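Biologist: Could you take a close look at one part of this model for me and walk me through how the pieces there pack? Cut-offs included, please, since I'll want to recompute things.

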Amino acid sequence: MEHNFRKLKIWEEAVSITVTTYKATKQMPKEEIFGMVSQMRRAANSMPSNIAEGCGRRTAKDFSYFIDISLGSSNELISDLIVCMKLDYLKPEEANNIIAKIETWQSMTFSFQRNNLKKN
């Protein structure tokens with residue numbers, strides 16, 4: 001079981017979300033650099049990183065496990081984006097745009113996992 005992660009649409013989209021998140025968090029308050037900014041960037045970066053790591057695993061079950069971690073990180077990022085909106089750290093339209101990208105990515109990723117990594 002081997003996939004080239006660089007050829008996977010779910011990996012490409014996860015990278016795009018990560019880049020968007022990094023750019024969005026640049027404008028956040030400096031006192032949050034070690035708090036929310038760091039947390040959001042780690043969650044965003046975990047999405048493509050876990051897909052890449054899973055691609056190196058030998059079984060579909062192992063790959064699926066890393067996809068699950070990536071999906072969990074995406075939910076964490078959505079939660080952080082909502083908190084940042086409520087704190088007025090991000091404009092609602094910016095945060096909601098990222099959330100929409102994440103939700104689209106989640107649907108793609110669930111489909112990929114269901115269709116390519118059947119769990120036994």
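**Helix 2 and its neighbours**

Modeller: Let's start with helix 2, residues 36-55: its 20 residues reach 29 Å from first C-alpha to last, close to the 28 Å expected at 1.5 Å a residue (that expected span is 1.5 Å times one less than the number of residues; helices are DSSP runs of H or I with at least four residues, numbered from the N terminus). Bear in mind that this is a predicted model, where local features need pLDDT of at least 70, side-chain atom pairs count only at pLDDT 80 or more, and totals for chains, interfaces and linings use all residues. Numbering runs from 1 along each chain as its sequence is written, and side-chain values use heavy atoms, without hydrogens or water.

Helix 2 has a kink of about 30° at Ser46, shortly before Pro48 (the angle between axes fitted to the seven residues ending there and the seven starting there). That same proline turns up in the contact with helix 1.

Helix 1, residues 9-25, packs on helix 2 at about 165°, with the axes 9 Å apart (axes are lines fitted to C-alpha atoms over the stretch in contact, and angles run from 0 to 180 degrees between N-to-C directions). So the two are roughly antiparallel, a label for angles over 145 degrees. Their crossing is left-handed, meaning the near helix is turned anticlockwise from the far one by less than a right angle. On the helix 1 side, the contact includes Trp11, Ile17 and Tyr22; on the helix 2 side, Met40, Arg41 and Ile51 are among the residues met (contact is heavy atoms within 4.5 Å). By class, this contact has 13 nonpolar, four polar and one charged residue (nonpolar is Ala, Val, Leu, Ile, Met, Phe, Trp, Tyr, Cys and Pro; charged is Asp, Glu, Lys and Arg; the others, Gly among them, are polar).

Now for the other partner. Helix 2 and helix 3 cross at roughly 160°, their axes coming within 8 Å, and are therefore roughly antiparallel as well. Helix 2 passes helix 3 left-handed, and the contact residues divide into 15 nonpolar, seven polar and three charged.

Helix 3 itself has 27 residues and reaches 39 Å, close to the 39 Å expected. After helix 3 comes Asp88, with a positive phi near 60°. Helix 3 (residues 60-86) also packs with helix 4 (residues 92-116), at about 165° with axes 10 Å apart, in a left-handed crossing.

Technical notes
Angles under 35 degrees count as roughly parallel, over 145 as roughly antiparallel, 65 to 115 as roughly perpendicular and the rest as oblique.
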